[in-house]
Amino acid sequence: MSDDDLLQTVREEFAQVRLTAPVDQILARGQALRRRHRLVSSLGAAAGTAGLAAALTVGLVSSSAITASAEAAWSVKSGPGHTVSLTIRDQPQSRPDGLRLVKALRAVGVSAVVRATLPGRCRQAPSSAIKIYAIPSKAGHHRTVIRIYARKIPAGSHVAIAGLRPVPAPNRVKIKVVRHAHDHGLISVRSLRPRVAMVTRTGLCVSPSR
Amino acid sequence: MNAQEASFADFYERSRDNCLRAVFASIGDRPAAEDCVAEAFARAWVSWRKVSAHPVPQAWVIRTALNLSVSSWRRRRREVPLDDAGSQLSSTDGHGGPQVDDGLDSAIWTVLTGLPLRQRQVIALRLFLDLDTASTAAALDIAPGTVTAHLARATAALREQLTHSNLREEPL
């Protein structure tokens, strides 16, 4: 077998692999990228101007002012193969808004509800439809990634998400907070413990989480 | 559809399957390859004026798709699975290693995915885009001599493994 024959054999094996996305979809995705680039660059310019102005103002009013920026409490992102990744950030500055979260998941084709707790009869078992991951952070604000494989969720089923209200951390550590130069206080560390389950039409509940 | 869109649409129709095959053979994960290639084509459309002037626009798309795949792996590598099934998934997810695809001949797939990543990339560009050594080197940002060496090793490995597997399957 010559090299050309060998390569041809391998090439023929991939003949059935085809990209089915129509060109209109690619053009629309490109337009969305362009819009995002324009938005980011215009926001960057605006933030630069505002930041300079704010820095000058803060410098004039008080040199001890502290500014903090908070990330969004959650984000939803569609991935390859109809995979949806929901990232929940454990941070004290902002907490997930359940209704908006449900709307965002519906927008990417996942039927979901946000509850205070999962159903009591929910069985803990590995699930191929939902996986849950943790991303530790040195700063202490951990992230939880809930990856939903939308194709594997049976018709009529929905995803139940719970634990989005902060609960005191198990060790009930108290930390010292200094808001202003002469204002000292103590608060309990409170953290999110997101939980997730798939609930079928018949009420069967399977949770892959802790 | 204006002239630019028509030109891009023509390029997309001609190249999309081969770009997907090359990226799929390189990273071994079909859904991830589809998403990365679609995103790479979308980026090619955003920069179409530049990409259309590229000597091999398909190579630009493949390079972008491979970079996107690496970025995706970097984002996911810090994730710690919180259930038993998740730990099994993470070992084959992203760049943990290619996954077996049911639609392909298992012998060829096993041999191809057994090659080191760079050899897979070189042979994928040669197989599906028919790029010469200089263009492959430019696309992967490596020296032409390295391309030749990788191609020779990959071809030798394919030949050896496929010949062996064919011999084993022949009746005595």
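## A sheet shared by two chains

A:Tyr133 sits across from A:Val145, a residue of E6(A). This is a predicted model, so keep that in mind as you look around. The same tyrosine, A:Tyr133, also stands opposite B:Pro81 in E1(B). That makes A:Tyr133 a handy starting point for the sheet.

Which strands make up this open sheet, and in what order? There are five, running E1(A)-E2(A)-E6(A)-E5(A)-E1(B), with antiparallel pairing. At the edges are strand E1 (74–79) of chain A and E1 of chain B, each of which pairs on one side only. As a general reminder, strands of a sheet pair through backbone hydrogen bonds, either parallel or antiparallel.

Here are three of the strand pairings, each with a bridge count.

| Strand pair | Sense | Bridges |
|---|---|---|
| E1(A) and E2(A) (residues 83–89) | antiparallel | six bridges |
| E5(A) and E6(A) (residues 143–149) | antiparallel | six bridges |
| E5(A) and E1(B) (residues 80–81) | antiparallel | two bridges |

For a couple of landmarks within those pairs, A:Val76 has A:Leu86 of E2(A) as its bridge partner. Where the sheet passes from one chain to the other, A:Ala134 is partnered with B:Val80 in E1(B).

### Where the chains touch

The contact between the chains draws on 35 residues of chain A and 41 residues of chain B. On the chain A side, the elements that give two or more residues are helix H1 (3–13), helix H2 (23–61) and strand E5 (130–135). Which of the elements gives the most to that side? H2(A) does, with seven residues. By residue type, the side of chain A that touches chain B divides into 20 nonpolar, seven polar and eight charged.

### A look around chain B

Chain B has nine helices and one strand. Reading from the N terminus, its elements run α-α-α-α-β-α-α-α-α-α. Of the 172 residues in chain B, 42% are buried. If you take the chain B contacts with a separation of 6 or more, 61% of them come from residues 24 or more positions apart.

Helix H2 of chain B (residues 30–46) is mostly covered, with 14 of its 17 residues buried. How does the span of H2(B) compare with what 1.5 Å a residue should give? The 17 residues should span 24 Å, and the end C-alpha atoms are 24 Å apart, so the two agree.

Now move along to B:Leu162, which is found in helix H9 (residues 144–169) of chain B. Is B:Leu162 buried, exposed or partly exposed? There are 19 other C-beta atoms within 10 Å, and calling a residue buried takes 20 or more, so B:Leu162 counts as partly exposed. Leaving out residues up to four places away in sequence, B:Leu162 touches B:Ala107, B:Ile108 and B:Val111, along with A:Leu6 from the other chain. B:Ile108 is 54 residues from B:Leu162 along the chain, yet their C-alpha atoms are separated by 7.0 Å.

Terms used. Residues are numbered from 1 along each chain as its sequence is written. Chains are lettered from A and ligands numbered from 1 in the order in which they are written. This is a predicted model: local features need pLDDT of at least 70, side-chain atom pairs count only at pLDDT 80 or more; totals for chains, interfaces and linings use all residues. Two residues are in contact if their C-beta atoms, placed from the backbone, lie within 7 Å. Helices (H or I, at least four residues) and strands (E, at least two) are DSSP runs, numbered from the N terminus. Ala, Val, Leu, Ile, Met, Phe, Trp, Tyr, Cys and Pro count as nonpolar, Asp, Glu, Lys and Arg as charged, and the others, Gly among them, as polar. Two strands pair if DSSP finds at least two bridges between them. A residue is buried if 20 or more other C-beta atoms lie within 10 Å of its own, exposed if 12 or fewer, and partly exposed in between; C-beta atoms are placed from the backbone. The expected span of a helix is 1.5 Å times one less than its number of residues.
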